[in-house]
Amino acid sequence: MSAPDRVALELDCRDVPCPMPVIELARHLGDVELGELLAVVARDPAAVVDVPAWCRMKGQEYVRADTADDGAPRYVVRRVT
Amino acid sequence: MTAAPTGPGDLDAASSTPLHPTARDVLLAALDRGYADPRRLHRAGREARLLLDNAREATADALGVRPDEVTFTPTGTHAVHLGLLGLVRGSRRGDGVVHSAVEHSAVRHAVAWGARSVEVGVMGDGRVHDGDLVENALTPGTGVVALQTANHEVGTLQDVGDFELPDEIPLFTDACASMGRLPLPPGWAAAAGSAHKWGGPAGVGVLLVRKRARWRNPFPGDDRVDERSTGFENVPAVLAAAASLQAVVAEREEVNARQHELVDVLRHRVAAEVPDVEVVGDPDRRLPHLVTFSCLYVDGEALVTELDRRGFGVASGSACTASTLTPSNVLEAMGVLTHGNVRLSLQRDTSRADVDAFCDVLPGVVAEIRSRVGL
């Protein structure tokens, strides 16, 4: 098992519009193990609301908002189902 | 003339309604009778003045206020600006405006222009934390509290009049989403409404200022019949707006009950028949005619366009449909999904068959848009 707060997979959605960041999250949720962290990097202003809302609707855990290495907004999700 | 262009598929009454049949008749008659300057003492001027006074009395009567508390403005937005900023200007306490995070952009722009914003959050259903509202109101420098009667995007009714503010802090209420449809709440010092949302013509707003409120004109004044108004009144439109308001108030018990039930049908069918959808706003204490929902993985612009192709006119709070390209501040403040958003608001004559036709079409439209991205 990896460290609990290490991001196992980071998706680059910097330059795609809403709702693509959430669509990419849904597509790649199965690419990480249960309990692992999946992150999406997105400049889309809707992502700050839509990623937590997606977690709530799909029963995943919203962990935090932080920034990617280049300073772009990043949203971190834990796969729980 | 041709028939009204709105068909059964126009489900966007909250953006604008067609003229109420009563308003249409009154407007046509008043176009000939009400062209003159109501300040002039000659016959045509007196006729225009009579129509303007009649409109003011009818509006006051329909809203349960005094005629001298009614001012007609060029738009609902202007009534919001005048009402809110006039209370700020009249305040002895300061320029702070404590307001909910889900106010209409007219309120938010007015505050940004001429006051200091103190924003108060809302719960998941869009209703303001009124304890926070009162607590913030009590801080030094708060001049005015601003709270809408009902939310224009999700329909949730606010508890205007149910919380206690100190006497020296006036309440401004933006009633544009509910005026005519619902009685005004108690407890406000100034309020605003917009005629084209209740079946009057566009270009008529209503500003209400209580007799004892400390209100000072925040903009240049004028020398009209009404000291709060500026510029030449559109007398025929104002009279038509008043006639429509009277008609809407007279029939609202029946219309509201019917629309409330139709929105219940919409809420249940959308939630049951579309996967991964979130129907938002208070399911019960809400505007009778309005419902909002968001569909996961769906582009709001595509949804509006595809529904339009099938004959349904709807609004959306999704970022891609907004001139600002940012998501709706209302959905954001509520923490609900902002993409794939649809706001439906029933017209006066929307029927059960219209609602069912929409519900029959929606799941296929959503599935088709999702299939474009492989979901």
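Which residue of β4(B) does B:V98 stand opposite? The residue is B:V145. This report describes the surroundings of that pair, and then the other parts of a model that is predicted.

**The seven-stranded sheet of chain B**

B:V98 and its partner B:V145 belong to a pairing of two strands. Strand β2 of chain B, residues 96-100, is joined by four bridges to strand β4 of chain B, residues 142-146, and the two run parallel. Both strands are part of an open sheet of seven strands in chain B, whose order is β1-β7-β6-β5-β4-β2-β3 and whose pairing is mixed. At the edges of this sheet stand β1 (70-73) and β3 (116-120) of chain B, each of which pairs on one side only. On average, neighbouring strands of the sheet are turned by 20° against each other, direction ignored.

Two helices of chain B lie across strands of this sheet. Helix α3 of chain B, residues 76-90, lies across β1, β2, β4, β5 (171-174), β6 (190-194) and β7 (205-209) of chain B, and runs at about 170° to β6(B). Helix α5 of chain B, residues 130-137, lies across β2, β3 and β4 of chain B, at about 180° to β2(B).

Helix α5 of chain B also contains B:G131. This glycine has a relative accessible area of 43% and is therefore partly exposed, a class that lies between the limits of 20% for buried and 50% for exposed. The C-alpha atom of B:G131 is separated by 9.7 Å from that of B:E164, a residue 33 residues apart from B:G131 along the chain.

**The three-stranded sheet of chain B**

Another open sheet in chain B is formed by three strands in the order β8-β9-β10, with antiparallel pairing. The edge positions are taken by β8 (277-280) and β10 (341-345) of chain B; each has a single partner strand, so one side of each is left without a neighbour in the sheet. Here, too, neighbouring strands are turned by 20° against each other on average, direction ignored. Strand β9 of chain B, residues 290-295, pairs with β10(B) over five bridges in the antiparallel sense. In β10(B), B:N341 stands opposite B:S294.

**Chain A**

Chain A has two helices and four strands. From the N terminus on, its elements follow the order β-α-β-α-β-β. The radius of gyration of chain A is 11 Å, close to the 12 Å that the globule rule gives for 81 residues, so chain A is as compact as a globular protein of that length. Its C-alpha trace spans about 30 × 30 × 20 Å along the principal axes.

Of the 81 residues in chain A, 47% are buried. Among the contacts in chain A with a separation of 6 or more, 63% are made by residues 24 or more positions apart. The accessible surface of chain A comes to about 3800 Å², and carbon and sulfur atoms account for 51% of this surface.

**Annotated domains**

UniProt, in unreviewed entries, annotates a domain in chain A and a domain in chain B. The table sets out both spans.

| Annotation from UniProt | Span | Distance between end C-alpha atoms | Helix and strand content |
|---|---|---|---|
| "domain: UPF0033" | residues 10-79 of chain A | 13 Å | 30% helix, 30% strand |
| "domain: Aminotransferase class V" | residues 11-358 of chain B | 9 Å | 37% helix, 14% strand |

Technical notes: Residues are numbered from 1 along each chain as its sequence is written. Chains are lettered from A and ligands numbered from 1 in the order in which they are written. This is a predicted model: local features need pLDDT of at least 70, side-chain atom pairs count only at pLDDT 80 or more; totals for chains, interfaces and linings use all residues. Side-chain values use heavy atoms; hydrogens and water are left out. UniProt positions are given in the numbering used here, feature names are shortened, and annotations may be inferred rather than shown by experiment. Two strands pair if DSSP finds at least two bridges between them. Axes are lines fitted to C-alpha atoms, for helices over the stretch in contact, and angles run from 0 to 180 degrees between N-to-C directions. Contact means heavy atoms within 4.5 Å. The radius of gyration is taken over C-alpha atoms; the globule rule is 2.2 Å times the number of residues to the power 0.38. Buried means under 20% relative accessible area, exposed over 50%, partly exposed in between (1.4 Å probe, protein chains only). Accessible areas come from the Shrake-Rupley method with a 1.4 Å probe; for residues, only the protein chains shown count as cover.
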